[in-house]
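Student: Please take a close look at one part of this model, the second largest pocket. Then add whatever else helps to place single residues.

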Amino acid sequence: MSVSINKITVLGSGVMGHGIAQVSTMAGYTVTFRDIEQSFLDKAMEKIKWSLSKMVEKQKLSQADADKIFARITPIVDLKTALKDADLLIEAVPEDMNLKKKVYVEIDSNAEAKTLYASNTSTLPITDMAALTSRPDRFIGLHFFNPPQLMPLVEVIPGAKSNSGMVTMAMDFCKKVGKQPVLCKKDVPGFIVNRVFIPLVHEAVYCMERDGASMTQIDSAVKFRMSFPMGIFELADYTGLDVIHKATAEMHLRDKKVILPHPKIKQLFDEKNLGQKTGRGFYEYKGDKYERVNLTEQEAATYNPTSLLAVAANNAAWLLTNGVCDRAELEKALKLGMGLKKELFATVQEFGVQNVVKALQDLAAKHGQFYQPDPYLVNYRG
């Protein structure tokens, strides 16, 4: 299946939708942008205009190029018109399976025969979504990271029936829009990055309780000893506790063994303390400007994060054991998607593989099967 993609329809004008529309049109594609209300589209178009103006300001684009890019996006409310002549549909509606079901029924009755389908879900099963349509063989997951204009990673996830041509098309498309794709060979809960990141947020809360450590102690250790770009609580606040709560619920629903939910996440979500965007999450934030939490190497020295590293490594090992990706692709995904400054398994070697495995065995003895060390880690020789 060799296809040429020229015209793209992006469905949903939220943060992800307008970001995907922008990167697509910047790569030369013609984009039709669709949402259910004109006011949503107007707002999103304003954001795209603002983003392009920033690039002009920083001299990354000329004003003439920015105008051309903006002119290639057409906002449309009517679905049938929006899908006319589309080579590729990218769906970026909110992460709610019932809503997606409704959307795909509408898409399927209006899309042309040639249109390929892609979903920008971060956690929902691609195979289940594809099954809602008449073309599961021409359906794929394209998980862009937030914000799509800046984040280089896209996870490409085939469903059980996706044909190989769809994988080739998706990988090529990602490269053309200036992204670095990583192939997630199996449609597993959390795909690659969230399979490591989401359980880690819960584990950090358990560490605080079990070890009597403060948030800044744990975060300082995560940043300075585990080579993360920021602390795990800080990263959770930056990502948004609503995003983390929804991903948790979805992953846990798909497989109880992949995550050990701590009630604190749901509590923060229910209280609408969603992190940076609401002024409060794990930490409190004062102004509108993005604030960094004060983390220090001195405080990092007061907490040993081996059990946190062990959970991250164990989930990463699970992906390798189950053939979801190979080690190079895993490390690439964690570097680009989570901002790791050093390879995860290099950090494991620094801490000592035996120490990491022992930490998991001790946790498993006290807190159950979730912590059982993966065979990949047990047999790991570097």
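Tutor: The pocket comes before two single residues.

This is a predicted model. Start with the second largest pocket. Its volume is about 320 Å³. The lining counts 14 residues. Nearest the pocket centre lie K257, W318, Q369, F370 and Q372. Which helix gives the most to this lining? Helix 14, residues 306-321, does, with four residues. By class, the lining is mixed: six residues are nonpolar, four are polar and four are charged.

Now to R34. Strand 2 holds this residue and spans residues 30-34. Is R34 paired in a salt bridge or unpaired? R34 has no salt bridge, yet the residue is buried. E106 is the nearest side chain of opposite charge, and it is 4.6 Å away. The cut-off for a salt bridge is 4 Å between a side-chain nitrogen of Lys or Arg and a carboxyl oxygen of Asp or Glu, so E106 at 4.6 Å does not count. What does R34 touch, leaving aside neighbours within four places in sequence? Its contacts are V10, L11, G12, S13, L41, I76, V77, D78, L79 and A82.

Last, G212. This glycine is found in the loop between helix 8 (193-211) and helix 9 (215-225). Its relative accessible area is 64%. The threshold for exposed is over 50%, so G212 is exposed. Take A113 as a reference point for distance. G212 and A113 are 99 residues apart in sequence. In space they are 59 Å apart, C-alpha to C-alpha.

How values were computed. Residues are numbered from 1 along each chain as its sequence is written. This is a predicted model: local features need pLDDT of at least 70, side-chain atom pairs count only at pLDDT 80 or more; totals for chains, interfaces and linings use all residues. Side-chain values use heavy atoms; hydrogens and water are left out. On a 1 Å grid over the protein atoms alone, a cavity is a set of points where a 1.4 Å probe fits but cannot get out, and a pocket is an open set with protein on both sides within 12 Å along at least five of seven lines; lining residues have an atom within 4 Å of a point. Grid points are joined across faces, edges and corners, and a volume is the space filled by probe spheres set on the points. Helices (H or I, at least four residues) and strands (E, at least two) are DSSP runs, numbered from the N terminus. Ala, Val, Leu, Ile, Met, Phe, Trp, Tyr, Cys and Pro count as nonpolar, Asp, Glu, Lys and Arg as charged, and the others, Gly among them, as polar. Buried means under 20% relative accessible area, exposed over 50%, partly exposed in between (1.4 Å probe, protein chains only). Lys and Arg count as positive and Asp and Glu as negative; His and the chain ends are not counted. Contact means heavy atoms within 4.5 Å.
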